[in-house]
Amino acid sequence: MKKLIPSLLSADFWCLSEQLNVLLKHGLDTLHIDVMDGVFVPNISLGTPIVASLSQRSHFILDVHLMIEDPEKMVQAFKEAGAHIITVHWEASPHIHRTLQRIKEIGAMAGVSINPGTPVDVLRPVLHLVDLVLVMSVNPGFGGQEFLPEVLPKIEKLKEWQSSYQYVIEVDGGMNPQTAALAIQSGAQWIVAGSSVFRGNVEQNVVDLLKVLK
């Protein structure tokens, strides 16, 4: 099933409740939460208090993307805060099998992500462990970057392999109606969009993006 997943990294927290109500009005049920530590990526962002608040006060599925060093140290804390999906980077976890197994053991969906410069073939040994593969179509760390089209062959390859596994293909970075269409044509199912959802008229942005997913 195709899904639009707004990324809170670009939300206006002054009026977050209003923006979330617009998302609900249009049937969106999942939020992408980028967690950055200033080490793995050159930025610092959201943490467990935000996840806990959303978990306690809403019914959104919380798709937590850990862009941090040693993510295995934090998966338990984010699950306890209310994360439903926890995605870790292949590049950040030296024991990626163990980390993904741990995520599943504690009852969350397990995701693995790769940066634009990482070959998709590195994921073959762990695809049997994951529920989700997140292809980064920008270098992680900041919102509002331009989509890197060279990631499209990675999505196509993941689509080819998908019949042998049980994962969803998610794409994050530079998503707008045009680039989202390219990602979907290549095989993506879940589209993460931040700036193109929350900047300007949120309702119209959502309508325009949802047209691409139909």
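How far apart are the end C-alpha atoms of H8, and what span should its twelve residues have at 1.5 Å a residue? In this predicted model, the end C-alpha atoms of H8 are 17 Å apart, and the expected span is 16 Å, which agrees.

**Helix H8 and its surroundings**

Let us stay with this helix for a moment. H8 covers residues 202–213, and its buried residues are Val202, Asn205, Val206, Leu209, Leu210 and Leu213. They cover an arc of only 125° around the axis, so they sit on the same side of H8. Among the elements that cover these buried residues are strands E1 and E8, along with helices H1 (16–25), H6 (177–186) and H7 (195–198).

**The sheet**

Now for the strands. Eight of them form an open sheet with parallel pairing, in the order E1-E8-E7-E6-E5-E4-E3-E2. At its edges are E1 (3–6) and E2 (30–36), each of which pairs on one side only. On average, neighbouring strands are turned by 25° against each other, direction ignored. Helix H4 (residues 96–105) packs on this sheet, where it touches E4 (85–89) and E5 (109–114); the direction of H4 makes about 150° with that of E5.

Strand E8 is a good place to look at the pairing in detail. Here are its two parallel partners, with the bridges that join them:

| Pair | Sense | Bridges |
|---|---|---|
| E1 and E8 | parallel | four |
| E7 and E8 | parallel | three |

On the E1 side, Leu4 has Ile191 as its bridge partner in E8. On the E7 side, Glu170 has Trp190 as its bridge partner in E8. Both faces of E8 are covered: Trp190 and Val192 are buried on one side, and Ile191 and Ala193 are buried on the other. As background, strands of a sheet pair through backbone hydrogen bonds, either parallel or antiparallel.

**Two nonpolar cores**

Which residues touch the most other members of the largest nonpolar core? They are Leu8, Leu23, Ile33, Leu66, Leu100 and Tyr167, in a core of 66 residues. Helix H8 gives the largest share of this core, with five residues. Apart from it lies another core, of nine residues, including Ile5, Ile85, Leu132 and Val192. In soluble globular proteins, nonpolar side chains tend to be buried together.

Ile33 is worth clicking on in your viewer. Leaving aside neighbours within four places in sequence, Ile33 is in contact with Leu8, Leu46, Val51, Leu54, Leu62, Asp63, Val64 and His65.

**Helix H5**

Helix H5 (residues 152–161) has its own set of buried residues: Leu152, Lys154, Ile155, Leu158 and Trp161. Their cover includes E5, E6 (132–136), E7 (168–172) and H6.

**Two loop residues**

Is Ile106 buried or exposed? Ile106 counts as buried because its relative accessibility is 15%, and the cut-off for buried is under 20%. Ile106 lies in the loop between H4 and E5. Not counting residues up to four places away in sequence, Ile106 touches Val75, Gln76 and Lys79. Val75 is 31 residues from Ile106 in sequence, and their C-alpha atoms are 8.7 Å apart in space.

The other loop residue is Asp70, found between strand E3 (61–67) and helix H3 (75–81). Asp70 has a positive phi of about 50° although it is not a glycine. With a relative accessible area of 29%, Asp70 is partly exposed.

Key
Residues numbered from 1 in each chain as written. Predicted model: local features only at pLDDT ≥ 70, side-chain atom pairs only at ≥ 80, totals over all residues. Heavy atoms only, no water. Pairing = 2+ DSSP bridges. Axes fitted to C-alpha atoms, helices over the stretch in contact; angles between N-to-C directions. Contact = heavy atoms within 4.5 Å. Core = buried A, V, L, I, M, F, W, Y, C linked by side-chain atoms within 4.5 Å. Buried < 20%, exposed > 50% of the residue type's maximum accessible area, 1.4 Å probe, protein only. Expected span 1.5 Å × (residues − 1). Arc of directions from axis to C-beta.
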